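Trainee: Could we go through this model slowly, with the reasoning behind each answer spelled out?

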Amino acid sequence: MSNSVVELFAGVGGFHLAAKESGWKVIWANQWEPGVKVQHAFDCYTKNFPDTVAVNDDIANVIRDIPKHDLLVGGFPCQDYSVAATKAKGIQGKKGVLWWEISRVIKLRKPPYVLLENVDRLLKSPTAQRGRDFAIMLATFEELGYTVEWRVVNAADYGYPQRRRRVFIFAWRNNTDWGKRFKGCQSREEWLGEAGLFPTVFGTKLDKVGEVDLEPKQTTLADFTDDARPKARSRKTKDPADSERLLDISNNWQAYKLSPFKKTGIMAKGKVWTANYDAVYDGERKLLGDVLEPKVTDPWFYLDKDELESWKYLKGSKKEERIVKATGFKFTYAEGPLPFPDPIDRPSRTMITGEGGKAPSRFKHVIKDSTRKLRRITPVEAERLNGFPDDWTLTDTMPLNFRYFCMGNALVVPLVTEMMKGIQ
Ligand SMILES: C[S@@+](CC[C@H](N)C(=O)[O-])C[C@H]1O[C@@H](n2cnc3c(N)ncnc32)[C@H](O)[C@@H]1O
């Protein structure tokens, strides 16, 4: 197999680092932060990968510049994927939805393989029709001629120091090595539990496999055969977002209370097999304490005494009446306690983009360090939680808070390295 990679939504290059470690070569990358003048993530990317062709523009403007490649990778925002019929233009996917840009790249360049990352909420969105957006995504892959394997992976389950749960989506064209492997596989159980990409890389104990159909009006998971509605035909359309089939799923996907898509699954020719699984892992386990810098001298990282009560309040459990200012609507707001400080003998909680800054917050990590004082984590510790090298995000212009923002957006690199090695 050749080894060229195109990296979309590249951020500070988590996929690129994994590619380097696993024998792939990124030949073209795209990163553009909408609505801001200074492009910190892009600057960080080019500082670390000066020899890679990297383009700083809205992906929608540069799709035709993308060269042919073997593997398309990217972590992209979870948005509303619904499609609508508009009077003027026929069917149109919602504007600005990055999934359609990805599907256009796939349609144009037909990469043999695609590896994508997203928040696990993707499997459950939107609330009123759980699973609809993922179904639209799977159906798009189907129309483009791909088979898809997905898995929600929590990095901490496989020894990494952060509890970060993300869905990874691996898609292949049928005429590839993975296509042949899939064709030769005896059963869906075998694929999801042993032979597929994810179980080859990550220890897996599979639950019972259930079936789902992408036909949107099912009353139960397995009840799709007697659906009398005529199927919207999968006709080739110029733009993936224009498909009647996707419009049908978008309009008619059931009001599921729970998503029919479980933690792992495959989609082949419009049929979906899906199951939950338990991680099997008995290797070394890294904990929050393992990534801490031994000596932090800058007082900026330590909690101010006069803000301690604020921190305690935000981290604590609460049940209180709140009012929506605009409407005067009253509601009860309740949340449980978070550990304060964060235990360093466990993997950390998920890092989010708001991790930076001095202000007290429920979600920022606070640890008691070797000086017995409370402090927030440093940017280097944030980088280590994602498996990036120290000071990866230290550039001439990157503001301190933005270093954390980039890490909140990024991924656990060695997890992806394992996947990319597995694809080879
Ligand atoms: C979830 S982050 C991906 C982070 C990346 N995987 C990493 O390791 O840093 C998504 C990225 O897409 C970028 N982005 C958002 N809209 C974009 C667009 N229209 N065109 C190109 N990039 C975009 C954001 O700036 C952000 O860096």
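**From one residue to the whole chain**

Trainee: In which strand is G75 found?
Mentor: Helices (H or I, at least four residues) and strands (E, at least two) are DSSP runs, numbered from the N terminus. The run that contains G75 covers residues 71-75, and that is strand β4. Please keep in mind that this is a predicted model, in which local features need pLDDT of at least 70 and side-chain atom pairs count only at pLDDT 80 or more, while totals for chains, interfaces and linings use all residues. Residues are numbered from 1 along each chain as its sequence is written, and side-chain values use heavy atoms, with hydrogens and water left out. The strand asked for is β4.

Trainee: Does G75 count as buried, exposed or partly exposed?
Mentor: Buried means under 20% relative accessible area, exposed means over 50%, and partly exposed lies in between, with a 1.4 Å probe and protein chains only. Because the relative accessibility of G75 is 21%, this residue counts as partly exposed.

Trainee: Leaving aside neighbours within four places in sequence, which residues is G75 in contact with?
Mentor: Contact means heavy atoms within 4.5 Å. One of the partners, F15, is 60 residues away from G75 in sequence, yet the two C-alpha atoms are 8.5 Å apart in space. With neighbours within four places set aside, the contacts of G75 are L8, F9, F15 and E117.

Trainee: In what order do the strands of the open sheet of 10 strands lie?
Mentor: Two strands pair if DSSP finds at least two bridges between them, and in this open sheet the pairing is mixed. At the edges stand β3 (54-55) and β11 (210-213), each with a single partner strand, so one side of each is left without a neighbour in the sheet. From one edge to the other, the order is β3-β2-β1-β4-β7-β9-β8-β12-β13-β11.

Trainee: How many residues of strand β8 are buried?
Mentor: In a regular strand the side chains alternate between the two faces of the sheet. On one side of β8 lie Y146, V148, W150, V152 and N154, on the other T147, E149, R151 and V153, and both sets are buried. For β8, residues 146-154, the count of buried residues is therefore nine of nine.

Trainee: Which strand is joined to β8 by nine bridges?
Mentor: On one hand, β8 pairs with β12 (residues 264-268) in the antiparallel sense over four bridges, and there V148 has M267 as its bridge partner. On the other hand, V153 has R166 as its bridge partner, in a strand that spans residues 165-173 and runs antiparallel to β8. The strand joined to β8 by nine bridges is β9.

Trainee: Over how many bridges do β7 and β9 pair?
Mentor: Strand β9 is mostly covered, with eight of its nine residues buried. Within the pairing, Y113 stands opposite W172, while V119 has R166 as its bridge partner. Strand β7, residues 113-119, pairs with β9 in the antiparallel sense, and the number of bridges is seven.

Trainee: Which elements do the buried residues of helix α12 pack against?
Mentor: Helix α12 spans residues 400-409, and its buried residues are R403, Y404, C406, M407 and G408. They pack against α2 (40-48) and α11 (379-385).

Trainee: Which residue is joined to P126 by a cis peptide bond?
Mentor: P126 is found in the loop between β7 and α5 (132-144). The omega of its cis bond is about -10°, and the partner is S125.

Trainee: What is the phi of K269?
Mentor: K269 is found in the loop between β12 and β13 (271-275), and its relative accessible area of 74% makes it exposed. Although K269 is not a glycine, its phi is positive, at about 50°.

Trainee: What is the radius of gyration of the chain?
Mentor: The chain has 13 helices and 18 strands. The globule rule, 2.2 Å times the number of residues to the power 0.38, is compared with a radius taken over C-alpha atoms. For 424 residues the rule gives 22 Å, and the chain comes close to this, so it is as compact as a globular protein of that length, with a radius of gyration of 23 Å.
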